[in-house]
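Q: Got a minute to go through this one with me? I'd like to start with the interface.

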Amino acid sequence: MSWRPSATIETLKARAEQNGSVRAFFAARGVLEVETPILSAHATVDRHIDSFSTAGGNGGDAQWLQTSPEFAMKRLLAAGSGAIYQIARVFRVEELGRHHNTEFSMLEWYRPGYSMFDLMDEVEALVRTLAATGVGSFERLSYRQAFQRHAGVDAFTAEGDELRDAALRLGLIGAGDFAGETERDFWLDLIMSLHVSPRLGQATPSFLHDFPASMAALSRVRNGQGDEPAVAERFELFWHGLELANGFHELTDADEQRRRFEADQAWRRGHGKVVPPYDAHLIDALAQGLPDCSGVALGLDRLLMLKLGLPELAATLAFDRSRA
Amino acid sequence: MATVSTNEMKSGTKVLVDGEPYSVVDNEYRKPGKGQATNTIKIRNLKNGRVLEKTLKSGDSWEVADIEETDMQFLYSDGEFWHFMNPASFEQVQAGETAMIDAAKWLKGEESCKVLFWNGVPLSVTAPNYVILAITETDPGLRGDTSGGGGKPATLETGAIVRVPLFVQQGEIVKVDTRTGEYLGRANK
């Protein structure tokens, strides 16, 4: 019956307890809780994340529902907030499935002075506190190592054709599927989501770090030594094949950030997607000076689902999309 | 032509893939945090029952298969074709052997069947969920067995073979579930 909750009352109690533990964890470490706008005049221009928009009201411009609180939180950092965290509701168009709900809870935090690896230590401490008690040390492997180990292909040097051949050899696609698709990142995403990520974090939770520079998003790119390719200082955490967190050593260069926003907008335009305005305030904040920092976003619903051994994300939500 | 997008494909959606009609069985959405989302769709071929999986970019679409299901009455078989009549319009159609693979062994005449048409041609025929048929051949049961445990094969008047309890005898009328091929009970008058 659709008026009923999709989670049990017991699960909702565990959810409240988890939020309490998050707040206690950060209070003990002196990290400030903040709240930033859910509705904004700009939106992410990430190629594969689509935002909801609303009519502006009173004839104003359209407003956008956040897909992550990252831009506003970085503006606080630039204003001198120091370490901050937020438990935010975020919204993403079309994200609906066993492990996705259009609206979900994201824990996002930033640590000035932390490297990507320092922040991975803190993510591990938090996840251990919340859910993975009694689990051994979290595994750490690079994006490149993960592809070599599980897909037998070099994610940094293989051309689009080689990646397609790998997908075919692994049985992920049929011979004629995605004909004409040459974009390397498309094939990397396909192999990652259908083949590599389901194999990650099975024994213990597993960090994947050092992504291809083309997948830097809002992270810094570190130039390689000698012939080595450049890598994005980005990491993700996987547990039982499910992506739980995504973190960056944050990009602080305003000009580079503007270039990436504009490149993403151009890509979206070329692919016939909605092109929202990017957050110009963020560019101004970066120009003013964002402290060297790392930041991460963690899916609280997914963490609760794994902790409680629930079969689907809906079972952690008071009301999932179909009942909302 | 009508198309259906990955986010509208649900169990039972009829689609056309590589020129063949399929019914969607399952649809799994996957998305790397910041990467291309995909849907892996499990589909069953409506001609041969084979199930396969195809992965699409989320938002991509397939053509909708022109599939229609109609209740029709089975008239007779001439050995090559099975003849059906639409009880409303009296229109008659004939179904070939491949369309009859599952249904033929349950039919003797006058049953109301579900006929699946693809572009107007019968693709498959589904027998009624329950049929009542006479046993034409079965071994005599052992004395004393009344529980139905164990069982023995029995040939029905249409040629289907089902397992029946040992106490059920040749000549008796039985009720069978055609979806599972299971004996449900005696139906003697």
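Q: What area is buried between chain B and chain A?
A: About 1800 Å² is buried between chain B and chain A. Carbon and sulfur atoms give 51% of that. Buried area here is the accessible area (1.4 Å probe) that two parts lose on being put together, summed over both. Keep in mind that this is a predicted model.

Q: Fine. What does chain B average in pLDDT?
A: Chain B averages 91, and 95% of its residues score at least 70. pLDDT is the predictor's confidence in each residue, from 0 to 100. The model scores ipTM 0.83 and pTM 0.82.

Q: Any ground rules for the numbers?
A: Residues are numbered from 1 along each chain as its sequence is written, and chains are lettered from A and ligands numbered from 1 in the order in which they are written. Local features need pLDDT of at least 70, side-chain atom pairs count only at pLDDT 80 or more, totals for chains, interfaces and linings use all residues, and side-chain values use heavy atoms, with hydrogens and water left out.

Q: Back to the interface. How many residues does the contact take from each chain?
A: Chain B gives 16 residues and chain A gives 26. Contact means heavy atoms within 4.5 Å.

Q: And how many salt bridges between chain B and chain A?
A: There are 5. The rule wants a side-chain nitrogen of Lys or Arg within 4 Å of a carboxyl oxygen of Asp or Glu. B:K31 and A:E95 form a salt bridge, at 3.6 Å from N to O.

Q: Which elements of chain B touch chain A with two or more residues?
A: β3 (20-30), β4 (38-45) and β5 (51-57) of chain B. The largest share, 4 residues, comes from β5(B). Strands are DSSP runs (E, at least two residues) and helices are too (H or I, at least four), numbered from the N terminus.

Q: What's the chemistry on that side of chain B?
A: The residues there divide into 3 nonpolar, 7 polar and 6 charged. Ala, Val, Leu, Ile, Met, Phe, Trp, Tyr, Cys and Pro count as nonpolar, Asp, Glu, Lys and Arg as charged, and the others, Gly among them, as polar.

Q: How many salt bridges over all chains?
A: The whole structure has 36. One of them joins A:E33 to A:R23, with the closest N and O atoms 2.9 Å apart. A:E33 is in strand β1 (residues 32-33) of chain A and A:R23 is in helix α1 (residues 9-28), so the pair ties together parts 10 residues apart in sequence.

Q: New topic. What is the strand order in the open sheet of chain A?
A: The order is β2-β4-β3, with antiparallel pairing. Two strands pair if DSSP finds at least two bridges between them.

Q: Which strands stand at the edges?
A: β2 (39-40) and β3 (53-54) of chain A. Each has a single partner strand, so one side of each lacks a neighbour in the sheet. A:S53 has A:W64, in β4(A), as its bridge partner.
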